[in-house]
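Visitor: I have a structure open and would like to talk it through. Could we go over how its parts pack together?

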Amino acid sequence: MNTDLMQIPRMIDISGVKTNVTLWELDDIIDTAKKFRCICAFAMPVFTPYLVSNLKDEPDIKVGGVVGFPSGADTTSIKTAAAKELLQMGVDELDMVINVGALKSGRLDMVYDDIRAVVEASGGKPVKSILEVCYLTDDEIKRASEIAVKAGVAYVKTGTGWGPKPTTVENIRLIKSTIGDAARIKAAGGIRDLDTVLAMMDAGCSRFGIGVRSILGIMKEVYDRSGKPWPYGNEAGPSAADGAKP
């Protein structure tokens with residue numbers, strides 16, 4: 001695989017969607033997204049307007065919104081209302097968690113209707129369906145991927161990053177073998193190093209959700225392997241990596 005490593009940030013959604021993420025950490029997200037020109041930035045809904053406001057003069061950096069996060073167990077009406085509210089805030093993309101419990105109960109109709117309702121509420125903005133693969137069997141991953149594509153998503157996404165296990169390269173291969181080119185794939189959850197990113201790209205992944213707590217380490221590897229000097233001194237990670245005010 002011949003990859004221009006310096007273009008990797010244009011495949012990264014930088015995210016701050018953990019329970020304890022503070023405004024100080026969102027400042028790190030904003031700063032890091034600007035430094036590397038990450039393609040998109042995410043916060044939890046209550047802080048999404050903060051990202052929108054602070055990235056409004058950066059047209060090449062999108063802002064995304066999360067729907068049904070992290071459990072996927074909200075009612076469909078709540079999910080569609082959340083999607084509409086996020087769009088009113090000014091987001092460019094929506095990442096929604098599917099109804100995992102319905103999937104595991106064999107209620108595939110509920111899974112489809114839930115995803116489809118958010119796609120219809122999206123106003124044409126890209127929707128990424130989050131499968132939360134760490135809780136699923138291979139057969140459930142395949143079924144969920146097929147349903148998501150049928151419902152009209154732009155991306156099948158592996159996880160929220162809240163689950164007990166990281167996304168694996170094998171997860172990406174399984175989804176790719178199931179959906180082909182019918183939708184794109186976004187990996188999220190436990191992506192900590194450049195080798196993992198490259199292996200997932202080779203398996204068919206084209207977007208990555210990576211927390212601000214990991215992004216600078218990966219980008220340091222990108223600069224090192226590209227033979228380019230690291231322009232940020234001794235900075236090896238976000239200044240507010242523990243969620244505290246710097």
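Visitor: What is the handedness of the crossing of helix 6 and helix 7?
Guide: The crossing of helix 6 and helix 7 is right-handed. Please bear in mind that this is a predicted model.

Visitor: At what angle do helix 6 and helix 7 pack, and how far apart are their axes?
Guide: The angle is about 50 degrees, and the axes are 9 Å apart. Helix 6 covers residues 138–151 and helix 7 covers residues 169–179.

Visitor: Are they oblique or roughly parallel to each other?
Guide: Helix 6 and helix 7 are oblique to each other, because the parallel class takes angles under 35 degrees and this pair packs at about 50 degrees.

Visitor: Which residues meet there?
Guide: Helix 6 contributes Asp138, Ile141, Lys142, Ser145, Glu146 and Val149. Helix 7 meets them with Asn171, Leu174, Ile175, Thr178 and Ile179.

Visitor: And how do the residues of that contact divide by class?
Guide: In the contact of helix 6 with helix 7 there are 5 nonpolar, 3 polar and 3 charged residues.

Visitor: Let us move to another pair. How do helix 1 and helix 9 pack?
Guide: Helix 1, residues 23–36, packs with helix 9 at an angle of about 25 degrees, and their axes are 10 Å apart. That angle is under the 35 degrees cut-off, so helix 1 and helix 9 are roughly parallel to each other.

Visitor: Is that crossing left-handed or right-handed?
Guide: The crossing of helix 1 and helix 9 is left-handed. On the helix 1 side, the contact is made by Glu25, Asp28, Ile29, Thr32 and Phe36. The helix 9 side supplies Val212, Arg213, Ile215, Leu216, Met219 and Tyr223. By class, this contact has 7 nonpolar, 1 polar and 3 charged residues.

Visitor: Now the interior. Which residues touch the most other members of the largest nonpolar core?
Guide: They are Ile8, Ile115, Leu131, Val197, Phe208 and Ile215, in a core of 70 residues. Helix 9, residues 212–226, gives the most to this core, with 7 residues. As a general point, nonpolar side chains in soluble globular proteins tend to be buried together.

Visitor: Take valine 197, then. What is it in contact with?
Guide: Setting aside neighbours within four places in sequence, valine 197 is in contact with Ile8, Ile191, Phe208, Ile210 and Ile218. Apart from the largest core lies another core, of 9 residues, which includes Val17, Ile39, Cys40 and Phe69.

Visitor: Phenylalanine 69 caught my eye. What kind of peptide bond joins it to proline 70?
Guide: The bond between phenylalanine 69 and proline 70 is cis, with omega about 0 degrees. Proline 70 lies in the loop between strand 3 (62–67) and helix 3 (76–89). In general, most peptide bonds are trans, and most residues other than glycine have a negative phi.

Visitor: On that subject, what is the phi of arginine 37?
Guide: Arginine 37 has a positive phi, near 60 degrees. Its place is in the loop between helix 1 and strand 2 (40–43). Arginine 37 is partly exposed, with a relative accessible area of 26%.

Visitor: And glutamate 132, buried or exposed?
Guide: Glutamate 132 counts as buried, because its relative accessibility is 5% and the cut-off for buried is under 20%. Glutamate 132 is in the loop between strand 5 and helix 6. Its phi is also positive, at about 60 degrees, although glutamate 132 is not a glycine.

Visitor: Staying with strand 5, what does serine 129 touch?
Guide: Serine 129 lies in strand 5, residues 127–130, and is buried with a relative accessible area of 0%. Not counting residues up to four places away in sequence, serine 129 touches Met96, Ile98, Ala148, Val153, Tyr155, Val156 and Lys157.

Visitor: One more: where does arginine 116 lie, and what does it touch?
Guide: Arginine 116 lies in helix 5, residues 108–121. Arginine 116 is partly exposed, at a relative accessible area of 28%. Leaving out residues up to four places away in sequence, arginine 116 touches Ala151 and Gly152.

Visitor: Finally, is glycine 233 buried or exposed?
Guide: Glycine 233 counts as exposed, at 54% relative accessibility. Glycine 233 is found in the segment after helix 9.

Conventions. Residues are numbered from 1 along each chain as its sequence is written. This is a predicted model: local features need pLDDT of at least 70, side-chain atom pairs count only at pLDDT 80 or more; totals for chains, interfaces and linings use all residues. Side-chain values use heavy atoms; hydrogens and water are left out. A nonpolar core is a set of buried Ala, Val, Leu, Ile, Met, Phe, Trp, Tyr and Cys residues joined through side-chain atoms within 4.5 Å. Buried means under 20% relative accessible area, exposed over 50%, partly exposed in between (1.4 Å probe, protein chains only). Helices (H or I, at least four residues) and strands (E, at least two) are DSSP runs, numbered from the N terminus. Contact means heavy atoms within 4.5 Å. Axes are lines fitted to C-alpha atoms, for helices over the stretch in contact, and angles run from 0 to 180 degrees between N-to-C directions. Angles under 35 degrees count as roughly parallel, over 145 as roughly antiparallel, 65 to 115 as roughly perpendicular and the rest as oblique. A crossing is left-handed if the near helix is turned anticlockwise from the far one by less than a right angle, and right-handed if clockwise. Ala, Val, Leu, Ile, Met, Phe, Trp, Tyr, Cys and Pro count as nonpolar, Asp, Glu, Lys and Arg as charged, and the others, Gly among them, as polar.
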